[in-house]
Structure formats: C-alpha cells, structure tokens
Amino acid sequence: MNTTEIFEQFLKSKNVTTDTRNISKNCIFFALKGANFNGNQFAQEAINQGAMLAIVDEKEYENINQNIYFVHNALETLQDLAKTYRNYLKIPFIGLTGSNGKTTTKELISAVLKERFNTHYTFGNLNNHIGVPLTILAIPEDAEIAVIEMGANHQKEIELLASISQPDFGYITNFGKAHLEGFGGIEGVIKGKSELYDFLRTNHRTAFVNFNDPIQVEKTSDIKRITFSDQNNVDVQVELIENETEYLAVKYQDLIIQSHLTGNYNFSNISCAIAIGQHFGVALKSIQNGIENYFPSNSRSQIIAKENYKIVMDAYNANPSSMEASLTNFVQFEGTKTIVIGDMFELGKESKAEHQRILELAESLNFDQIFLLGLHFKETITHHSNVQKFDDRVSFENYLKENPITTQNILIKGSHGMRLDLLENI
C-alpha cells in the first residue's frame with residue numbers, strides 16, 4: 001500500500017494513532033518499533049478494537065483481508081503521510097525550535113493567533129520525529145494557521161522535521177547549552193538548530209528574528225526576515241517595562257501588556273508573539289488579550305502562591321543556559337530566598353564543569369539556602385556553609401520532614417528526569 005492510497009483512507013478517517021490504548025473507531029494504526037516494543041505485534045488488536053486500517057512493516061503481520069497492510073518502513077510512511085497532508089491543507093505553518101523557551105513561546109504565539117484565527121498548535125511535547133507527524137495529522141481541515149514546535153538533541157533532526165512540516169515562517173528562540181552530548185558542544189547546537197534557517201533559505205521562506213541576539217542576526221543575514229527587539233532599527237519594537245511585581249510587563253506602541261510570566265528571559269518570547277501577531281494582522285488589543293490571558297503551567301516559570309511563601313516552579317527541564325537565567329532572575333525577588341536545583345542531563349563531557357559553574361554562580365548570588373539534588377551536583381566543590389547536597393528528590397523530601405524551608409521564596413529547577421515538579425507541596 002503506498003502513501004497516496006493511505007492518504008485517501010486518511011481523509012475518510014482523520015484519525016491516526018501509534019498506540020493501541022488510543023484506538024478509536026475507523027482510525028489508522030501505525031505499527032512503530034522501538035528498543036523495547038514492536039507495534040507490529042498489536043496490529044490485529046488495533047483492528048479488533050475498531051481501527052479501519054493498520055500499517056505494519058514486518059511482512060509476517062500483513063493480513064489484507066483484515067485491512068493490515070505492509071509497507072517498507074511504518075515510521076517513514078507516517079512521516080510521508082504527514083507531509084502529504086501538510087501540502088493538502090494549504091495554510092501558513094510557523095516552525096519553532098531553539099534550546100530554551102520553545103514551549104512557552106509556542107503557547108504565547110498560539111494565544112495571540114487564536115484571537116483572530118482557528119489555530120492549531122503542538123500539544124504538550126509532541127515535537128520529535130513521531131510527535132511532529134502526529135501533530136500535523138491532527139490538524140482539522142478548517143484550521144487557518146498552524147504552529148509546529150520542533151525539538152532535537154542531534155544534528156539533522158531539525159532538517160528532517162522541517163522537511164515534514166515545511167514551515168512558511170520559522171523562529172529559533174536561542175542557541176543554548178542544551179543536549180551538548182548529542183550535538184557535540186555549543187557549535188553543534190548552533191549548527192543543528194540552524195537547520196531550520198537552512199530550510200527557510202533554500203525554500204525562500206521567512207524568519208522571525210530576535211535582533212538582540214547577534215548570532216541570530218548573523219545567521220539570517222541572507223534570509224527574508226521580520227525583526228523584533230527593544231532597538232530602534234527593527235520591524236517590531238517592544239520595550240521591557242520595569243514594574244514592582246515578579247511578573248513581566250512590556251510596552252508595544254502605546255499599550256502596556258502585563259504577562260503572567262516571570263523572568264526577563266521571557267521578554268524575547270513575548271516579543272516574538274507580538275511580532276507574529278502584528279504580521280498576521282491581529283488587532284493590537286487582541287494581541288494584548290492573548291498574552292495577558294496566558295497562564296504558564298506544566299512547571300515552566302510557574303509561580304505558585306502558598307499561604308506564607310511563593311514557589312517558582314521551573315522544573316520541566318534544565319540546561320546550563322536556562323539554569324543561569326532562572327538563578328539571575330530569582331535573585332531579584334523581594335524577601336528571603338531558597339533555591340532547590342537538580343542535575344542537568346545530556347551534557348556529556350561538559351557535565352562536571354557546567355554543574356560546578358552553576359553552583360559557583362548560585363553561591364555568588366547570596367541565596368539564603370542552596371539545596372543541590374542529584375549525583376552530578378553531589379560531585380561539585382562547595383565554598384559556602386549554606387549549601388547542602390542530596391542524592392535525589394526522595395532523600396531531600398525526607399530531610400524536609402524535620403527541617404522545613406522557612407524563606408519567603410523558593411526556586412525549584414532541574415532536568416525533567418529529576419522530577420522536581422513533585423516538590424510542589426514542600
């Protein structure tokens with residue numbers, strides 16, 4: 001069965017899954033394989049549960065009489081189907097990648113665009129070689145614009161995702177010290193993320209560019225671009241407003257926009273959403289509404305107010321760049337401050353040096369208490385008496401039973417694998 005034939009069936013179904021736990025009547029099931037599973041073994045089960053079609057890539061599981069069809073590679077067929085549907089839709093696609101802030105920026109952009117358009121955007125973290133095709137195939141035919149988040153931890157991954165989603169517009173949030181092990185260092189990160197720029201350049205598409213970032217400016221010098229920053233020589237000028245709360249406020253034209261985000265590192269994320277809204281003709285008041293009605297969740301720069309203290313929950317993920325930004329932002333909070341920071345993963349040979357650097361930064365910022373969680377931070381050398389180390393989250397929770405934190409502000413940040421988001425009730 002070829003992609004054209006599968007696409008004809010997809011237009012009748014409009015429902016694709018790779019998981020038999022999510023089978024719905026008349027869906028199409030793609031039997032994907034991984035290190036510890038083989039979806040081919042569940043093809044018949046998918047049909048029995050109501051799937052109209054199952055796509056397998058091991059010949060022994062084919063059963064045409066049961067609408068189970070063999071293809072050379074089920075994953076590649078899923079990706080080809082997504083690309084076919086993307087071209088069928090004929091709506092603007094905005095592609096988004098970067099080391100930090102992808103999800104927050106995606107949600108801000110979508111919040112603004114939804115003020116005018118029927119907008120479809122990446123759900124959760126479905127931003128990889130499987131998630132991007134599934135995101136595209138979930139777009140309803142009446143959608144007017146799509147925002148596609150693209151994640152990567154190796155070179156050539158953004159190249160693949162861009163070839164599938166074929167964005168008309170692209171934005172890279174930043175180049176940071178994330179996934180250094182897979183990318184092979186910061187230069188590898190820049191090269192890998194810039195594969196989005198390569199696609200835009202080759203296909204004569206448009207980039208949104210933060211003109212406060214000299215690397216972005218240099219990388220897009222030969223690409224059609226729409227620029228934004230707090231400078232004068234840009235298409236969209238946004239001003240950072242100093243206010244007395246922990247939440248970020250900006251000024252665009254004559255309008256003050258008060259967000260529910262903390263951290264000046266979110267200035268570029270908000271500015272990008274404004275620039276994209278402006279380009280697509282969203283009314284200024286609607287841009288304001290979209291940003292002001294967006295509340296962060298999922299442990300991303302999320303302020304949780306307790307009875308006598310605040311938690312800044314930023315534990316969805318962490319790398320040296322985002323950790324540094326969080327620490328330098330948190331020091332500006334009024335009152336006493338405790339930081340709980342967990343290990344940063346996928347740093348490869350840079351891990352020891354980066355964990356030590358982050359600890360030394362934390363010590364220099366004079367927090368009242370510093371708690372380090374994880375085996376990487378355990379190996380660091382401390383210079384202050386207010387630093388305490390724990391092997392993991394559980395041992396730290398046990399410590400807290402007898403030694404509760406009493407400061408007015410608590411920052412919690414670490415890689416997702418540390419599961420520091422479970423510390424919300426400390």
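User: How are the angles between helix axes defined in this predicted model?

Analyst: The axes are lines fitted to C-alpha atoms over the stretch in contact, and angles run from 0 to 180 degrees between N-to-C directions. Helix α6 (residues 157-165) and helix α9 (residues 195-202) pack in this way at about 40 degrees, with axes 8 Å apart.

User: Why are α6 and α9 called oblique to each other?

Analyst: Their angle is about 40 degrees. Angles under 35 degrees count as roughly parallel and 65 to 115 as roughly perpendicular, with the rest below 145 oblique. The pair α6 and α9 is therefore oblique.

User: Which residues make the contact between α6 and α9?

Analyst: In α6 they are Glu-157, Ile-158, Glu-159, Ala-162 and Ser-163, which meet Glu-195, Leu-196 and Phe-199 in α9. These divide into four nonpolar, one polar and three charged.

User: What is the hand of the crossing of α1 and α3?

Analyst: The crossing of α1 and α3 is right-handed. The axes of α1 (residues 3-13) and α3 (residues 74-89) come within 10 Å and cross at roughly 65 degrees.

User: What makes β16 and β20 edge strands?

Analyst: Each pairs on one side only. They belong to an open sheet of six strands in the order β16-β17-β21-β18-β19-β20, with mixed pairing.

User: How do you know that β18 and β19 pair?

Analyst: Pairing needs at least two bridges. Strands β18 (residues 337-342) and β19 (residues 369-373) have five bridges, in the parallel sense. Helix α14 (residues 351-364) lies across β18, β19 and β20, at about 165 degrees to β19.

Technical notes. Residues are numbered from 1 along each chain as its sequence is written. This is a predicted model: local features need pLDDT of at least 70, side-chain atom pairs count only at pLDDT 80 or more; totals for chains, interfaces and linings use all residues. Side-chain values use heavy atoms; hydrogens and water are left out. Helices (H or I, at least four residues) and strands (E, at least two) are DSSP runs, numbered from the N terminus. Contact means heavy atoms within 4.5 Å. Ala, Val, Leu, Ile, Met, Phe, Trp, Tyr, Cys and Pro count as nonpolar, Asp, Glu, Lys and Arg as charged, and the others, Gly among them, as polar. A crossing is left-handed if the near helix is turned anticlockwise from the far one by less than a right angle, and right-handed if clockwise.
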